[in-house]
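Good morning, colleagues. Please bring the structure up on the screen, and I shall take you through it, beginning with one strand and working outward.

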Amino acid sequence: MSRGLQRYILVRIGLTLPMVLILVSLVFIVLRVLPGDPALAILREGASEEALAAFRAAIGIDRPLHIQYFDFITGVLTLDFGESMTRNRPVVEEIKTFFPATVELAIFSMLITATVGIGFGAYAAKNRKSGRDYGIRVSSIILYSIPIFWLGLMFQMIFGAGLGWLPVSGRLDPGNTPAYTITGLYTIDAIIMRDWDLLVDALRHLILPSLTLGLILGAIFIRLTRANMVDVLEEDYITAGRARGLRERTLAYRHGLRNAFIPIVTLLGLQFALLLSGAILTETTFSWPGMGRLIVDRIYDRDFATVQGSIVFFALLVMGFSLIVDIAYGFIDPRIRY
Amino acid sequence: MATTTPDAVPLSIRELTADVGFVRRILRGRKWYGTEWYITVLGGTILVVITAATLLAPVVAPHDPNEFIGAAFTPPGGGLQTLVARSGESPVAPGAELSGQTVGVQRNRNGSNLAKELELDSERYQNQEALLDGLAGGEVDLIFLDQDVAKELVTSGSGFEVVIQELGRRYFLGTDNLGRDITSRLTWGARTVLGVAISSALLASVVGISLGLLSGFAGGRIDRVLSLTMDSIYSFPGLLLAIIMAVMLGPGIFNVAVAISVIYIPTFFRIVRGQVLSIKESLYVEAARSLGAKSRNILRMYIFPNVIPSVVIVFSLNIADAILTAAGLSFIGLGLPPDVPDWGYDLSKGHQFLVAGRWWMITFPGVMITLVAAGFSLLGEGLSEILNPRLSEN
Amino acid sequence: MAAPQDSEVLISVRDLTVTYSSHWGPVDAVSGVSFEFYRGEILGLVGESGCGKSTLGKALMRMLPQSAGIEGEILFDGEDVLGYDDRQLRNFRGRRISMIFQDPMTSLNPVQRVGGHLTEAIEVHEGKRSKAGLRERIGQLVERLGIQRSRLDDYPHQLSGGMRQRVMIGLGLALHPDLIIADEATTSLDVIVEAKLLDQMREIRDQFQVSILLITHNIGLVAELADRVAVMYAGRMVEVGSVYEVFERPLHPYSVGLLNSVPNIELGEREELYKMPGEPPNLLLPPPGCRFHPRCPEAMPVCSKAEPALLPVDGSRLVHCWLFQDHPEVAEA
């Protein structure tokens, strides 16, 4: 690793730390400082004074703000998010149970997103300003305008309730549970355990949710890929290649796409927040037991500790991910150096 | 020197600058901008039609969106009733007044509602078979049947005849699980969606633009803190942010608008700050400043004209996104009070009856959300090419 | 030195018109151009920016955007270039004509090794080759151009500007084409590198027996390198002749103005650099008659009414001006 790269990575880490602090503090401000009483928000109007007071004491919001803040930050730094208020186990354990489902959904969705996005985006860019290009552009706008959960509902209605081809909820058929989990990603666990029935079951359950999320994100990705490819295809080296008699297909896909790839992958990383937003809705639609479901369910269960812990976890996750993307970018592109 | 006679000016320019009305000039734009023009106009048309429909909702919508007007789960186009009697034994002539008659109806079907509405005595049956048996067995002389059912029965020559057709009302898009008219809910629901989305985008733009100006002009520590804060909000999943805000603020249209607006503040902030920074450096502002221009004038003369095209485009795209976020929030069950007609809420209700095959409850609200969101996206996309050719490539 | 009279015609262009469509209407970037290009010669194509010289160069390779319309005839070695289908066109490009671009910094694919560029170009036209043979061939080629073989494994950003331009030339020569089009190929280089490159181009012509079309606004470059020169103005070719004739005694008033506006170290103290009045016309609304007449110091009544033809004047020289042609009786409209 060159010294420039080392410095670049250190600078990125140095910049990420204050971002994490700010984001976590924002979470604190929204949950504790802003008008709006968590006790009232969670227990709803009509709760008795005693219940509210007990709730406040339980989550510790009856103490002075600076002490709350100090405890909160300490908790974040030690990755201790407290006890779940409904499940009698640490919030961290809850997250460990639910997070793998989100990861599995995210991975499969991203595969679909990348395939759809790069495929159609590059094709549109290659045939820029043609009818096919405008067709792809308008379709991607319309596809992105479809609410994720509604696309999920339509898939459920057609392929689940209607044709009966695919299951519409959960990660596995009822009654089918893996003997034990290793990674928590059922597809990978099934491969490790050579349990092919489990693999088929897990994959069948993955198809509709990841198609839902993957297609909608793919719509954004078509646009990003197209825009980057259009820029690259206007470069002189593409014209120069054409003057040497290279095929248009070679120019677009070999030379163009390869150069557009770095910015495209970076952009894919930047869509991580969007992926998580989409995952929350997809999980709700498909009863997919991931982080989104965890948060939404616990809001209804009035489990403030778990909700707060999960949100902080998301904050750390996006920051960590963007750091990884930045560092990876530094490795790939030698021109980026501090 | 070459003299340019008016005749030498190409036709397209003469047409664009000709002294014609606003509408005609817009129509002529299609030659100039080509496909982008069609995209913009398509988006604009969708929005104009839906906005007009929802503003005219009191006139256009057939019913009150919250009234339990029909029978639950009336399929699209259903609801009309036929009065059926045994052949040749009808106590009333076709077209005559029905008051005073006893009519057999099926429980929880539109016929039952109709009898109530016409203030007729009714005999209720559990299902269609019992109803028909009742008529055939002489328990009642008249029954209400769904029109399509009646049509089948009478053509098969089962000893029944149609007395009066097309009674009651037709539910164009059907009714929901509580018998509310879906057409009316969609028409009124557009107000909620547009209201929430537009006010959240307005809020976000006001806050974002002000903070962006502050950050860009002040620089230094304020700029650093604000930028980092905005970046961290931007990197956080928007829907999750909206969920927390909505939970904390409690239900209400305005609260939802505030909750959603937080997501979009950073976009406006970034555009304005970037623009301020680049313009602050640029020579023409330097020149203006050296001539003694006040900050306020620089803002008005140089910053706003440069920022406005981008803001208009981002505004349109953000509304589209806010529509989807708002729908997502109410789909999850957060945000809006239950008495507000709302597409996202209707979808979450429909979700419960999906397996039961009530496809119309989830199909139409989703189509509407897609249409409105696509309208704003298309408008923003087309405008971005027209207003700012540089921006559009990204 | 290739003299027009006894050389074989490589390209013959007849009435070539290139039309771009713009928002404002169609624009003829090149209109009604005819000329001959001889095998082995270096032809300099000069004119102001926007006169259509680059468009003409691209038209010869059919490298224009799809929206551009081409009319007329381009015969390359007797073959009709405008009639080529996609496959024939790909075969033609690179193998028969190649092009060297203005900016060597951006004309090489940043993620492809130098050697990769060369192998790809050869394999596209000649099919798969043995690795070793191919490597030897491109190694020899770049060495002749003064680049070490080891540089073949470098990425473009690891090379200097002059070296990249030599790689570009190597790419142009790899398939032994008949013609190289150098479109402002030296503009982005500094003077010393440029001088080296010029020497190299002359050597290339002699060694590889290749013709060169030198598109430039640098008159000095043409004077030094070219055999013949063609002057373009507003989409028209206004004067074509040998460098000696044209530079010694330009005939078309535009050529006269162009040559007088070039700074010359021998310029006497009292002589001033000539400043041509006016600006090139807007090609959307070209002036009637001769396109140069609004700026022409010798304009006559006929010039604004009818357009002259490109006709021979003393032997091999072609001039597009009424000064050297019989005036037709222009009917008053």
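I begin with strand β4(B), which is covered on both faces: B:Leu142, B:Phe144 and B:Asp146 are buried on one side, and B:Ile143 and B:Leu145 are buried on the other. Please keep in mind throughout that this is a predicted model. The strand comprises residues 142-146 of chain B, and five of its five residues are buried. For the chain as a whole, buried residues account for 44% of the 394 residues.

Let us turn to the neighbours of this strand. How many bridges join β1(B) to β4(B), and in which sense do the two strands run? There are five bridges, and the strands run antiparallel; β1(B) covers residues 81-86. Within that pairing, B:Thr82 stands opposite B:Leu145 of β4(B). Another partner is β2(B), residues 102-106, which pairs with β4(B) in the parallel sense over two bridges. Here B:Gly104 has B:Ile143 of β4(B) as its bridge partner. Both of these β4(B) residues, B:Ile143 and B:Leu145, belong to one side of the strand.

We may now place these pairings in the complete sheet. It is an open sheet of five strands in chain B, in the order β3-β2-β4-β1-β5, and its pairing is mixed. The edge strands are β3(B), residues 121-125, and β5(B), residues 160-167, each of which pairs on one side only. On average, neighbouring strands of the sheet are turned by 30° against each other, with direction ignored. Towards the β3(B) edge, β2(B) and β3(B) pair in the parallel sense over five bridges, and B:Val103 stands opposite B:Ser122 of β3(B).

Which strands does helix α5(B) touch as it packs on the sheet? This helix, residues 110-117, touches β1, β2, β3, β4 and β5 of chain B, and its direction makes about 150° with that of β2(B). Helix α6(B), residues 128-136, also packs on the sheet; it touches β1, β2, β3 and β4 of chain B, with a direction at about 155° to that of β2(B).

Beyond the sheet, chain B is rich in secondary structure elements to discuss, with 16 helices and five strands. Of the contacts in chain B with a separation of 6 or more, 73% are between residues 24 or more positions apart.

I should like to consider one helix pair of this chain. Helix α8(B), residues 182-218, and α15(B) have axes that come within 11 Å and cross at roughly 35°. The crossing is right-handed. From α8(B), the contact is made by B:Ile182, B:Leu186 and B:Val193, and from α15(B) by B:Trp360, B:Phe364, B:Pro365, B:Met368 and B:Val372. By class, this contact has eight nonpolar residues, no polar residues and no charged residues.

The helix α15(B) also brings us to the interface with chain A. That contact takes 42 residues from chain B and 40 residues from chain A. On the chain B side, the elements giving two or more residues are α3 (35-55), α9 (220-235), α10 (238-249), α13 (295-332), α14 (343-352) and α15 (359-387). The largest share, 10 residues, comes from α15(B). By class, this side divides into 26 nonpolar, 13 polar and three charged residues.

Chain A is also touched by chain C: 21 residues of chain C are in contact with 13 residues of chain A. Which elements of chain C each supply at least two residues to that side? They are α2 (86-95), β6 (97-100) and α3 (114-126). The largest share, five residues, comes from α2(C). The side of chain C that touches chain A has 10 nonpolar, seven polar and four charged residues.

Finally, a helix pair within chain C. Helices α5(C), residues 161-173, and α6(C), residues 191-208, pack at an angle of about 15° with their axes 11 Å apart. The two helices are therefore roughly parallel to each other. Their crossing is right-handed. In the contact, C:Gly161, C:Gly162, C:Gln165 and C:Leu173 of α5(C) meet C:Val193, C:Lys196, C:Leu197, C:Ile204 and C:Phe208 of α6(C). By class, this contact comprises five nonpolar, three polar and one charged residue.

That concludes my presentation, and I thank you for your attention.

Definitions and conventions: Residues numbered from 1 in each chain as written. Chains lettered and ligands numbered in written order. Predicted model: local features only at pLDDT ≥ 70, side-chain atom pairs only at ≥ 80, totals over all residues. Contact = placed C-beta atoms within 7 Å. Helix = DSSP H or I, 4+ residues; strand = E, 2+ residues; numbered from the N terminus. Nonpolar A, V, L, I, M, F, W, Y, C, P; charged D, E, K, R; others polar. Buried ≥ 20, exposed ≤ 12 C-beta atoms within 10 Å, placed from the backbone. Pairing = 2+ DSSP bridges. Axes fitted to C-alpha atoms, helices over the stretch in contact; angles between N-to-C directions. Left-handed = near helix turned anticlockwise from the far one by under 90°. Parallel < 35°, antiparallel > 145°, perpendicular 65-115°, else oblique.
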